[in-house]
Amino acid sequence: MASPEVPLLADPDMELDQSLTTLEKFLGLLGFCQHTVLRAALSWFAFFLLAVALPLAEIELSRCSGCEKLEIETFELEILVSRAVVAAVSLLCISRNLRKYGIRKALFVDRCHGHMTQFRNQYIKKIRVFYWLLASWFGVCFILKAGREVARLMYLHNGSWWLSIILFSASLLSWSYLTLLFLSGCALFKLVGNLQIIHFENYGKVLEKDLDVSIYIEEHMNLTFDLSKISHRFRIFLLLEFFIVTASQFVALLQTTENQGIINFINGGDFGVLSIVQLVGIVLCLTAAAKISHRAQSLGSIASRWHALVTCNSNDGSGSGIVDNGGNAEVHPSGSLSVNYSGSDLESADYMSLPTNIHPAPSKSSYQMRQAFVTYVQSNTGGFTIFGWIVDRMLINTIFFIELSLVFFVLGKTITVTVR
């Protein structure tokens, strides 16, 4: 009797490869994958067609008499320049990384990485989060943009409805293309950060293993080396996008506060949509960079707690692994030590699990090696840097207060209150 055929299980690597291939195809549709001269030429031709020629033609054909007081054409030209510049920076920087390193190395999902089997499912989940994040924010902004275009169509309509509908569609097409370019670049940077955070969060589990200290140092060196490469590849992108968005926001602020005419949803609504899109992109980038930095900086505390737990267990004569730390430790049948966290700690962005499989140290030399390892980790915290500046909460707070001061300065120069 023949044995029943056992269905072959799908290769887990195939699912990850399929996710990366789908992601590469999606980025290729937007023009990021410029692996050949022909594809690069087509990508930039599509950019100038959809980002420059089409909106300029739409603005010219939608001119109307009696709209001078609203200054619609003037506002739309400035908004178009802001949208096109941030999208061009995103297209230029991201396409360069993909062309030079490929999709796997650009995302630091290397086939030869020793942890790929362990992290495969987490990689796939993070890639799905990329699509969800991009679709959700693009959908919200698209609704706002469509509403503004409908109001503008109703106000400026003075001829054929067919022409108005064509101009309406052209405006949404151009805006969607530029917005997807900008948000995709920001979301892709966040994806790189999320994939790298997986390795940082796993470092505590690596310390649970009874390995030589040199292996822990080597793993930490690999993490910091990858983080330095991420900083090097994306620092120009982040810096240019930040400066361009800042300049764009101040131009919008000056235009709306100095204008002596009528400001309403028809002529000023695009300023609001532009601001939301650009701020969403910058927030995605800054939060991703800050999260990477804080994960890297938290490795020092993880290593020091691991060293303390191993030392306490090695000095325990009974070998039971019971340590009195104020009631926060529990004794398990296996002799391991765990720490209880409050709900707020679990929700903290810096939370990382403690090692639970602690092995006693046999000699004083092991203590000295662990102490040297902890000193090394605490002295090389690192983080995402932009020309030496670590992007963390302190830097973000500094940027926020500087921007707020500049906003109040501009408002003080453009808005005056006359007191009689």
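# Notebook: cavities, a pocket and selected residues

**Entry 1. Enclosed spaces.** I began with the enclosed spaces and found that the structure holds 4 cavities of 30 Å³ or more. I note at the outset that this is a predicted model.

I turned to the largest cavity and recorded a space of about 120 Å³. Which residues lie nearest its centre? I listed Glu58, Ile59, Arg83, Ser171 and Asp270, out of 14 residues that line the largest cavity. I then looked up the elements behind this lining: at least two residues each come from α2 (37-61), α3 (72-106), α4 (116-156) and α5 (161-208). Sorting the lining of the largest cavity by class gave me 8 charged, 4 nonpolar and 2 polar residues.

**Entry 2. The second largest cavity.** For the second largest cavity I recorded about 60 Å³ of space. Its lining consists of Arg83, Val86, Trp175, Leu178, Thr179, Phe182, Val273, Leu274, Val277 and Gln278. I noticed Arg83 here again, having met it among the residues nearest the centre of the largest cavity. The elements α3, α5 and α7 each give at least two residues to the lining of the second largest cavity. By class I counted 7 nonpolar, 2 polar and 1 charged residues in the lining of the second largest cavity.

**Entry 3. The largest pocket.** I next examined the largest pocket, which holds about 530 Å³ of space. I found 18 residues in its lining, and those nearest its centre are Phe242, Gln249, Leu279, Phe400 and Glu403. Two or more lining residues come from each of α6 (213-258), α7 (265-314) and α10 (393-414). Which element gives the largest share of this lining? I found that α10 does, with 7 residues. The lining of the largest pocket has 14 nonpolar, 3 polar and 1 charged residues.

**Entry 4. The chain as a whole.** I then stepped back to the whole chain, which has 10 helices and 4 strands. I wrote down their order along the sequence as α-α-α-α-α-α-α-β-β-α-α-β-β-α. Of the 420 residues in the chain, 45% are buried. Among contacts with a separation of 6 or more, I found that 83% join residues 24 or more positions apart.

**Entry 5. The UniProt record.** I consulted the UniProt record, an unreviewed entry, for the feature "transmembrane region". It places this feature at residues 37-57, 129-147, 159-183, 236-256, 271-290, 373-391 and 397-419. I checked two of these spans in the model. Residues 37-57 are 100% helix and 0% strand, and their end C-alpha atoms lie 28 Å apart. Residues 271-290 are likewise 100% helix and 0% strand, with 28 Å between the end C-alpha atoms.

**Entry 6. Ser231.** I selected Ser231, which lies in helix α6. Is Ser231 buried or exposed? Ser231 counts as buried because its relative accessibility is 3%, and the cut-off for buried is under 20%. I looked up its contacts beyond neighbours within four places in sequence and found Gly383, Phe384 and Thr385. Ser231 and Thr385 are 154 residues apart in sequence, yet their C-alpha atoms are 5.6 Å apart in space. The side chain of Ser231 reaches the backbone nitrogen of Thr385 at 3.1 Å.

**Entry 7. Arg370.** I located Arg370 in helix α9 (residues 364-379). Its relative accessible area is 5%, so I entered Arg370 as buried. Which side chain does the side chain of Arg370 meet in a polar contact? I found that of His307, at 3.1 Å.

**Entry 8. Positive phi values.** Lastly I looked at two residues with positive phi that are not glycine. Phe108 has a phi near 60 degrees. I found Phe108 in the loop between α3 and α4, and it is buried, with a relative accessible area of 10%.

Phe387 has a positive phi of about 55 degrees. I placed Phe387 in the loop between β3 (385-386) and β4 (389-390). How exposed is Phe387, and what is its relative accessible area? The relative accessible area of Phe387 is 47%, so I entered it as partly exposed; this class lies between the 20% limit for buried and the 50% limit for exposed.

Technical notes. Residues are numbered from 1 along each chain as its sequence is written. This is a predicted model: local features need pLDDT of at least 70, side-chain atom pairs count only at pLDDT 80 or more; totals for chains, interfaces and linings use all residues. Side-chain values use heavy atoms; hydrogens and water are left out. UniProt positions are given in the numbering used here, feature names are shortened, and annotations may be inferred rather than shown by experiment. Buried means under 20% relative accessible area, exposed over 50%, partly exposed in between (1.4 Å probe, protein chains only). A polar contact is a pair of N or O atoms within 3.5 Å; within protein, one must be able to donate a hydrogen and the other to accept it, and residues adjacent in sequence count only if both atoms are side-chain atoms. On a 1 Å grid over the protein atoms alone, a cavity is a set of points where a 1.4 Å probe fits but cannot get out, and a pocket is an open set with protein on both sides within 12 Å along at least five of seven lines; lining residues have an atom within 4 Å of a point. Grid points are joined across faces, edges and corners, and a volume is the space filled by probe spheres set on the points. Ala, Val, Leu, Ile, Met, Phe, Trp, Tyr, Cys and Pro count as nonpolar, Asp, Glu, Lys and Arg as charged, and the others, Gly among them, as polar. Contact means heavy atoms within 4.5 Å.
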